[in-house]
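Biologist: I should like to examine this protein chain with you, one question at a time. Shall we begin with the structure itself?

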Amino acid sequence: MSTSTTTLPPAAPAPLPPGRLRLVILAMALGAFAIGTTEFASMGLLPQIARSLEVSVPQAGMLITLYALGVVIGAPLVTIAAVRVPRARLLVVLIALIGLGNLASAIAPSFTVLALARFVAGLPHGAFFGVSALVASRLSPPGRRARSVSLVMLGLTIATMLGVPASTALGQSVGWRSAYVIVVVLAAASTLAIWRLVPEPEGATGTGSIRGELGALRRGQVWFGLGIGAIGFGGMFAVYSYVGEIVPGVMGLGERAVPVALFVFGVGMTVGNVIAGRLADRSIYGTILMGLVGMAITLAIFALVAQHAIAGMALLFAIAVTSQLMGPSLQLFLLDASPDAPSLAAALHHSALNIGNSLGAALGAAVLAAGWGLLAPAWTGVVLAVLGLGIAGASLLVHRRTSAREQAQQVGLEAEVPTAC
């Protein structure tokens, strides 16, 4: 697998003018912002949701797991089912469905209905990011395709820094339902913007096939990438899912400090995303391994010093930075592993991360329900990061053996040329 920047699908012969392209990217980034807000807002409001719907905090934590499962299931299924739907039209449908799922969450009369609504809201998530990455690359000139894709994904990162803390603070003051109402408004604005601004990329309509997209699943490195994201990335979510409990219960700062902690975490994710973009251009594997090792170390230190508020906040920032080293790196990893199935590869990236979301939240809920204490999720995260490191190591070993075999075959072919002549 190459460690250079991934070659994305060919750009359209007539890319958009820079000004128009910026508006198109902004429209899709607004959708990414809405999705990032809804994905993480529940985590900071679990105590309020639990009290309102008369369930325990571990039970409320299942809302996070169900949303993530919706992403995992929906990403490949929606991508494959809609393979021949025009890409721009599909983006409008997907972000509108996300808005409807959050509307259902906001008006849910019971925990069961809310749980179902969170699952449904997650179904279009991965497909939206996969299609938006393809559209951004096809509408950009050759030298700016990767940059355009990263700008769309920046909406997700900024959501963790601004959208999540803001919606959490509003949810604490007005009621947890208001957090989902904010997402409905954002999704509606993005739906209108995409409908009015995003053109259909040339060559992106009716050219795909279900069989072609499914070809990505025949590649071993794709499964390694999914394993790294599903297991290793779950280490971060084991802690992030329960910030609403850890900040007041361990750091002693009170519930109103939860949005501050989420903001700190979001800044860390943004910093990590910027660093990862530069490091991954040099070495994808090196950046993934660095992220996993760093995450295991910072999670362990957090579990030891989180009782001290300043140290705890600093470690939350460090956990965010190290974990985000894996985000862009895994995106490149999967796209390199399956360059001829870009939509599914990009969607599977978000499936992997949300499997990690689901696993981390579920295991965190399990250790909390077992009475092991509020710092038990951090130690659970350490275990997941180490397991992810093992998967990454196995992937690197297979990659090196495959590369060595291909090089040997190439040398053999070159040696035969003079004899053939």
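Modeller: The expected span of a helix is 1.5 Å times one less than its number of residues. Please bear in mind that this is a predicted model.

Biologist: How far apart are the end C-alpha atoms of helix α9 (residues 177–197)?

Modeller: Helix α9 has 21 residues, so at 1.5 Å a residue a span of 30 Å is expected. The model agrees with this expectation, for the end C-alpha atoms are separated by 31 Å.

Biologist: Which residues of α9 are buried?

Modeller: A residue counts as buried when its relative accessible area is under 20%. In α9 this group comprises Ser 178, Ala 179, Tyr 180, Val 183, Leu 186, Ala 187, Ser 190, Thr 191, Ala 193 and Ile 194.

Biologist: How many helices and strands does the chain have, and what is its radius of gyration?

Modeller: The chain has 19 helices and zero strands. For 421 residues the globule rule gives 22 Å, and the chain comes close to this, so it is as compact as a globular protein of that length. Its radius of gyration is 21 Å.

Biologist: Is Leu 97 buried, partly exposed or exposed?

Modeller: Leu 97 lies in helix α5 (residues 87–106). Its relative accessible area is 39%, and the partly exposed class lies between 20% and 50%, so Leu 97 is partly exposed.

Biologist: What is the area of the nonpolar surface patch made by Leu 97 and other residues?

Modeller: Leu 97 contributes to this patch together with Val 93, Leu 100, Leu 103 and Ile 107. The patch has an area of about 460 Å².

How values were computed: Residues numbered from 1 in each chain as written. Predicted model: local features only at pLDDT ≥ 70, side-chain atom pairs only at ≥ 80, totals over all residues. Heavy atoms only, no water. Patch = residues over 30% accessible without salt bridge, like charges linked within 9 Å, V, L, I, M, F, W, Y side chains within 5 Å. Areas by Shrake-Rupley, 256 points an atom, 1.4 Å probe, with all protein chains shown as cover. Salt bridge = Lys/Arg side-chain N within 4 Å of Asp/Glu carboxyl O. Helix = DSSP H or I, 4+ residues; strand = E, 2+ residues; numbered from the N terminus. Buried < 20%, exposed > 50% of the residue type's maximum accessible area, 1.4 Å probe, protein only. Rg over C-alpha atoms; globule rule 2.2 N^0.38 Å.
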